[in-house]
Amino acid sequence: MTKIKRKCFFERKRLKQALILVGILIITLAFSGCEKLVETDVSAETKSTIQTVSETTVPVNQEETQFVTEFEITDWTIEEFISNITIYGQQINLPFNVENLPDDFYLSEKGVYVEVTDTTGFSMYYKDKKIAYVYCNGKCEDNSNALITSICFGMFNPVPKIKIMGITEKSNYDFIIKKLGLPNNLNNDNELRYIFANNKEILIHFQNNDEKEINFLSIEYVEE
């Protein structure tokens, strides 16, 4: 059973996750006007929205975040998780290149570089329907040389038909706890965060209602 003793580790990871969400916002706004937009300056309105996202995502101090310092994950690994991603019945595992995508899946040709996270984001499509945002590290000129290491479902688009280790787009909070166990970082009742070493993380956010179905699911698997 893995132990993580230093709370500052979670603070750094939480700040990084906030920046990732900011990156999603920037990319969403950029692609909303033109799917082939390469780069754009962030407007004052966008910066204001980014500030709001940052303020509501990153805790002001450690007392605002509850920490669990011991994993309860005993029968699965993040490598198993990223090797069991099915989208509309097709297997797509992380990391991947554009040529690894099955038929009917494709990425926006040009990405949007997000300086705050040093990543380039692309929209991911299935049969002309936007289903996710995906990211490569660094600045990628286009999708041809991009190694995709992160994928985000939901937030600004409905979560598509997915299946990951028995978890689907309709799975709720309690079901996922039964499947994956308690995470090593608990922030609130609407979020599960499974943090692993070396920039590997699973974040699942739930709708704030009685059903608590998935609202947002992000997988980050950056190979060193």
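1. Disulfide first. This is a predicted model, and the count in it comes to 1 disulfide. The bond joins Cys 136 to Cys 140, with the two sulfurs 2.3 Å apart. That separation passes because the cut-off for a disulfide is sulfur atoms within 2.5 Å. Both partners, Cys 136 and Cys 140, are buried. If you go looking for cysteines, Cys 152 is buried too, because its relative accessible area is 3% and the limit for buried is under 20%.

2. Now the salt bridges. How many does the count come to? The answer is 2 salt bridges. Glu 191 and Arg 193 meet through their side chains, N to O at 2.9 Å. Glu 201 also pairs with Arg 193, and there the closest N and O atoms are 2.8 Å apart. Put together, Glu 191, Arg 193 and Glu 201 make a network of salt bridges. As background, side chains of opposite charge can pair when their charged atoms come close.

3. Are the members of that network buried or exposed? Arg 193 counts as buried, because its relative accessibility is 1%. Glu 201 is buried as well, with a relative accessible area of 3%. Glu 191, at 7% relative accessibility, is likewise on the buried side. So if you scan the surface for these charged residues, keep in mind that Arg 193 is classed as buried.

4. On to the lysines. Which residues form the positive surface patch? They are Lys 161, Lys 163, Lys 170 and Lys 179. Lys 179 sits in helix H4, which covers residues 173-180. Lys 179 counts as partly exposed because its relative accessibility is 39%; a patch takes residues with over 30%, so Lys 179 clears that bar.

5. A backbone point for your checklist: the peptide bond from Leu 94 to Pro 95 is cis, with omega near -15°. Most residues other than glycine have a negative phi, and most peptide bonds are trans. Pro 95 belongs to the loop between strand S3 (90-91) and strand S4 (105-107).

6. That loop between S3 and S4 also holds Asp 104. Asp 104 is not a glycine, yet has a positive phi of about 80°. As for its surroundings, Asp 104 is partly exposed, because its relative accessible area is 43%, and partly exposed runs between the buried limit of 20% and the exposed limit of 50%.

7. A second aspartate deserves a look. Asp 128 has phi near 70°, again a positive value in a residue other than glycine. You'll find Asp 128 in the loop between strand S6 (119-126) and strand S7 (129-137). Is Asp 128 buried or exposed? Asp 128 counts as exposed because its relative accessibility is 62%, and exposed means over 50%.

8. Last, an aromatic. Phe 156 lies in the loop between strand S8 (148-154) and strand S9 (162-164). With a relative accessible area of 40%, Phe 156 is partly exposed. What separates its C-alpha from that of Ile 131? The gap is 9.8 Å, for two residues that are 25 apart along the chain.

Methods: Residues numbered from 1 in each chain as written. Heavy atoms only, no water. Patch = residues over 30% accessible without salt bridge, like charges linked within 9 Å, V, L, I, M, F, W, Y side chains within 5 Å. Areas by Shrake-Rupley, 256 points an atom, 1.4 Å probe, with all protein chains shown as cover. Salt bridge = Lys/Arg side-chain N within 4 Å of Asp/Glu carboxyl O. Lys, Arg positive; Asp, Glu negative; His and termini not counted. Charge placed at Lys NZ, Arg CZ, Asp CG, Glu CD. Helix = DSSP H or I, 4+ residues; strand = E, 2+ residues; numbered from the N terminus. Buried < 20%, exposed > 50% of the residue type's maximum accessible area, 1.4 Å probe, protein only.
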